[in-house]
Amino acid sequence: MLIAGFPAGAWGTNCYVVAPAAGEECVIIDPGHQATQGVEDALKKHRLKPVAVVLTHGHIDHVASVVPVCGAHDVPAWIHPEDRYMMSDPEKGLGRSIGMPLMGELTVGEPDDVKVLGDGAQLLLAGLEFGVAHAPGHTRGSVTFRMPEAADVPQVLFSGDLLFAGSVGRTDLPGGDHAELLESLARVCLPLDDSTVVLSGHGPQTTIGRERASNPYLHGLAAPRRGM
């Protein structure tokens, strides 16, 4: 499996391009502020053809380049319905203006083809499987994408802004809820194997085992019992 990631824009948001291998179809995750050139560079370097954009949530730092990326490659964007409004009205998701100079660099709106994500969905895209888990707390429509272990590749969790190395997503913006975020961490993250690689929306990669042992926000949380 090929995963090419890079931090983009003013917020250093991680954008990922995922494919079975070089020269094949791929999926783009969270093309945020000023991510367009980085996406094109990754596609050219690895000879990839996009089939979809998938979004962990609707904040502008994760969706700002969705329109140009989808338009350039005629692909759909997938987003949870509760965060869809932020693509057209990003300031509502922040509860304040993000600034006219910055807004001038953005293409606000929806791509031509928008598809909605649901909890528990299994997306089969570019020959890859992405398990969707609704994980509210950072936003109402936050989701994670989990790719199962395959051959010598460990399980991968694209956690968006739910879980970071040593921290978690903020909950002080509209739609944020700290109690919900903790519940999402317990339900979505804690049941995963320690070897699961976590690729988050900001910062370096980590593992579930490392965060279980050292992340203060996970201390005291317990994974839900099976069958509950």
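1. Start with what lines the largest pocket: by class, 5 residues are nonpolar, 4 polar and 4 charged. Keep in mind that this is a predicted model. The pocket holds about 220 Å³ of space, and of its 13 lining residues, Trp11, His59, Asp61, Arg170 and Leu173 lie nearest the centre.

2. Now have a look at helix α1, residues 36-46, where Gly38, Val39, Ala42, Leu43 and His46 are buried. They span an arc of only 135 degrees around the axis, so they sit on the same side of α1. The spacing fits a general rule: an α-helix has 3.6 residues a turn, so residues three or four places apart point the same way. Turn to the other side of α1 and you find Gln37, Lys44 and Lys45 exposed.

3. What covers those buried residues of α1? Among the covering elements are the strands β1 (2-8), β2 (13-19), β3 (25-29) and β4 (49-54), along with helix α3 (66-73). Just past the end of α1, check Arg47, which has a positive phi of about 55 degrees.

4. Strand β2 deserves its own point, as 7 of its 7 residues are buried. Thr13, Cys15, Val17 and Ala19 point one way, while Asn14, Tyr16 and Val18 point the other.

5. On to the neighbours of β2. It runs antiparallel to β1, with 7 bridges joining the two, and Tyr16 is the bridge partner of Gly5. Their hairpin has 4 residues between the strands, and Gly9 in the turn shows a positive phi of about 75 degrees.

6. β2 is also antiparallel to β3, through 3 bridges, with Val17 opposite Ile28. This hairpin leaves 5 residues between the strands, and Gly23 in its turn has a positive phi of about 80 degrees.

Technical notes. Residues are numbered from 1 along each chain as its sequence is written. This is a predicted model: local features need pLDDT of at least 70, side-chain atom pairs count only at pLDDT 80 or more; totals for chains, interfaces and linings use all residues. Side-chain values use heavy atoms; hydrogens and water are left out. On a 1 Å grid over the protein atoms alone, a cavity is a set of points where a 1.4 Å probe fits but cannot get out, and a pocket is an open set with protein on both sides within 12 Å along at least five of seven lines; lining residues have an atom within 4 Å of a point. Grid points are joined across faces, edges and corners, and a volume is the space filled by probe spheres set on the points. Ala, Val, Leu, Ile, Met, Phe, Trp, Tyr, Cys and Pro count as nonpolar, Asp, Glu, Lys and Arg as charged, and the others, Gly among them, as polar. Buried means under 20% relative accessible area, exposed over 50%, partly exposed in between (1.4 Å probe, protein chains only). The arc is that of the directions from the helix axis to the C-beta atoms. Contact means heavy atoms within 4.5 Å. Two strands pair if DSSP finds at least two bridges between them.
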